[in-house]
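The following exercises concern a two-chain complex. Each sets a task and then works through its solution step by step.

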Amino acid sequence: MQTIAWQISLVLMTLVAFGFAFVAINSGRREEDYSPLQKKAYRLRTRLFWGLVLVFGPAMLYTLLELPYDAVRSRGGAGAAQVVHATGYQWRWELSQDHVAVNEPVEFHVTSADVNHGFGIYDADLHLVAQTQAMPGYTNTLRHTFTKAGTYKVLCMEYCGIAHHNMLTEIRVGAQ
Amino acid sequence: MATYTYEHIPDQGAKAGVLAYLVTSAAVLLLMMVFGLLMRLEQAQWISIGANRFYELMTLHGAGMVGIAAIAGASVMWHFLRQYVALSSRIFVANLVLFLAGVVMILGSVLLGHFHGAWTFLYPLPGNSMGMWSPGAAALFMGGLLVIGVGFLLLHLDVARAIIARYGNFSRALGWPQLFGHDDGKAPPPTVVASAMVTVVNVIGLVVGASILTMMLVNLYVPGFDIDPLLAKGMIYFFGHIFINATIYMAVIAVYEILPRYTQRPWKSNKVFLASWTASTLMVMFIFPHHLLMDFAFPKWMLIMGHVIGYLNTVPILVVTGYGALMIVYRSGIRWDMASKLLFLSLFGWAAGAMPAFIDGTITVNYVMHNTLWVPGHFHTYLLLGMVTMLFGFMYYLGKPDHEADDHLIDRIAFWLFTSSTLGFTLSFLYSGKESVARRYAAHLPEWVPYDRIASVFAVLVIASSLVFMLRFFARIGLARHDYQRAPVARSAIA
């Protein structure tokens, strides 16, 4: 997902850059009568608008199909969800268990005992695979199915004070 | 459909108050840039200042940058808006005085009281420091923000008074009779429309911000006065999102006012322009749940609303303001100088930064990118290469010795250095976000350090080029007060 976001951003930013560069290059020679230019530009703007609607509209809707809030998420694996209770403290994590089975859904019940924290799960390559906020007074349910065995890190994703960057723990994912 | 022709408005010098705002902005901006560099150097492991100092600098950097962005934006808005409505100089100066008083309180809180709860002051962190700072230090910080907020509220109320005095009400100032009825070509100019929009949203945002600050101040000393953390978070992001975005909406007035003077082409409030500003008025207030996408307990319909508005919000930026600049510059014969180049660049920065921003607001993307360096990646693009670049363009415009004056070689070099290094700097943030580097970390994992080192080099170059812009402005500040033609006349095709 991160790579796709990066590539799409680069493409879109480059297209914007091309638009500005094209106009800057073609700015030197003045067209005295602005009206015909304006009319052409307005027509092009209408096309640009509908182009954006046609591209961004479906993308906006498609990305709503699978939300992390939906209960059906990660129910594809066999067996009942494993439940892990995770509580954030300044500045440590307390997990009800630190090992889970691979390819089986896990339900993390995430909360905080003091201030806002962020419960971010990183894989062995240090890529963020899932997260939710850990808030005092609320329990956020994060559902995730680990498809690779190994040791995952849990990092804090919400600034919580002086040792925020040291607030980490590990989850071992293996065969049951 | 109304037709529009260019009407020349003479270039005006800046009032002393505007210059005081700009000097304050430049000085604080430079200091905050240095603080930002120190943070990157610490993460790059090239210096060692420790976590305590790092988070103090982070708190100052955030509060300081948001504050001066607002001060700089207000100076642009006030300078041009006074062409159309009668504004109070006293209120304008009072806002700066309150701002400086708030800055002193914040500096005292952080440097003497060691408060480092971040500028976002998320409840209940300011009151839960684990002994790292006192309730007094937290109260001083939040009190400082409150004082600054009161100043801006006063300023916006004065703008509201002046707009109502001239246009009768806000619906006329936003051009609704022309938007929803016959466009007679008599809608208020873009500066008035933008100022009306900013006033509406900032008054609401500031009241919500002041409310949560007051609630948290009471809670500091009366813990029994309990606050719902999710409600507090929602209120903080509602205020914070509106306030920082309003800085761009104020600063872009420089583009609306100055580029037409350079191209001798109109930038008028037609139906599309008015529709986009009315839409932005609503969207900037209802988009804030996109800051809470990882708060699963927040109402789901509001989170989806944040996602949807994130996409819609790009349309006015790209199709109206960004495209509008391209329209009036294309085959205009514009004579490029530092002011026009920076203003043109600033719209690229705003439009380009909006791309990774709306992608971040996509819920499934946010799930793996929220609170990574992707976030400072996109907001540095539209704030540094957008809003701050508008400010630099405005400074060069005010200080231009005469309309035919050529730029010095060093300014031209600084322009390209600034453009390339800012892009390098923001792309380093974005790439780090792609690599899942968490934000607001005093110490980075060894795997992340190479990105920090690259970003640090770019940050040095950004500061060096910005320093040239600021020094040039200070050197020409005497010229900035006078009324004379600054914008060069565009080349003619006939000549």
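**Exercise 1. Determine what share of the contacts in chain B joins residues at least 24 apart.**

Solution. Two residues are in contact if their C-beta atoms, placed from the backbone, lie within 7 Å. Counting those contacts in chain B whose residues are at least 6 apart in sequence, 84% join residues at least 24 apart.

The model is predicted: local features need pLDDT of at least 70, side-chain atom pairs count only at pLDDT 80 or more, and totals for chains, interfaces and linings use all residues. Residues are numbered from 1 along each chain as its sequence is written, while chains are lettered from A and ligands numbered from 1 in the order in which they are written. The pLDDT (the predictor's confidence in each residue, from 0 to 100) has a mean of 95 in chain B, where 99% of residues reach 70 or more. For the complex, the predictor gives an ipTM of 0.93 and a pTM of 0.94.

**Exercise 2. Describe the secondary structure, the dimensions and the burial of chain B.**

Solution. Step one is the element count. Helices (H or I, at least four residues) and strands (E, at least two) are DSSP runs, numbered from the N terminus. Chain B has 17 helices and zero strands.

Step two is the radius of gyration, taken over C-alpha atoms and set against the globule rule, 2.2 Å times the number of residues to the power 0.38. The radius of gyration of chain B is 22 Å, close to the 23 Å that the rule gives for 495 residues, so chain B is as compact as a globular protein of that length. The C-alpha trace of chain B spans about 70 × 50 × 45 Å along its principal axes.

Step three is burial. With C-beta atoms placed from the backbone, a residue is buried if 20 or more other C-beta atoms lie within 10 Å of its own, exposed if 12 or fewer, and partly exposed in between. Of the 495 residues of chain B, 60% count as buried.

**Exercise 3. Characterise the side of chain B that touches chain A.**

Solution. Begin with the count: 68 residues of chain B are in contact with 67 residues of chain A. Among the elements of chain B that give two or more residues to this side are α2 (50-81), α8 (229-251), α13 (338-360) and α16 (409-434). For the composition, Ala, Val, Leu, Ile, Met, Phe, Trp, Tyr, Cys and Pro count as nonpolar, Asp, Glu, Lys and Arg as charged, and the others, Gly among them, as polar. On this basis the side of chain B that touches chain A has 46 nonpolar, 13 polar and nine charged residues.

**Exercise 4. Is Trp267(B) buried or exposed?**

Solution. Locate the residue: Trp267(B) lies in the loop between α9 (253-263) and α10 (271-286) of chain B. Trp267(B) is buried, because 24 other C-beta atoms lie within 10 Å. Leaving out residues up to four places away in sequence, Trp267(B) touches Pro190(B), Tyr256(B), Leu259(B), Pro260(B), Gly324(B) and Ile328(B). Tyr6(B) is 261 residues apart from Trp267(B) in sequence and 7.9 Å apart in space, C-alpha to C-alpha.

**Exercise 5. Place strand β5 (residues 117-122) of chain A in its sheet.**

Solution. Start from the order. Two strands pair if DSSP finds at least two bridges between them. An open sheet of five strands in chain A has the order β3-β9-β8-β5-β6, with mixed pairing. Its edge strands are β3 (99-101) and β6 of chain A, each of which pairs on one side only.

Next, consider the partners of β5(A). Strand β6 (residues 128-134) of chain A runs antiparallel to β5(A), joined by six bridges; His117(A) stands opposite Ala134(A), and Gly118(A) opposite Gln133(A). Five residues lie between the strands of this hairpin, in which Leu126(A) takes a positive phi near 65°. With strand β8 (residues 150-156) of chain A, β5(A) pairs in the antiparallel sense over four bridges, and Tyr122(A) stands opposite Lys153(A).

Finally, assess burial. Six of the six residues of β5(A) are buried: His117(A), Phe119(A) and Ile121(A) point one way, and Gly118(A), Gly120(A) and Tyr122(A) the other way. In β6(A), six of seven residues are buried.
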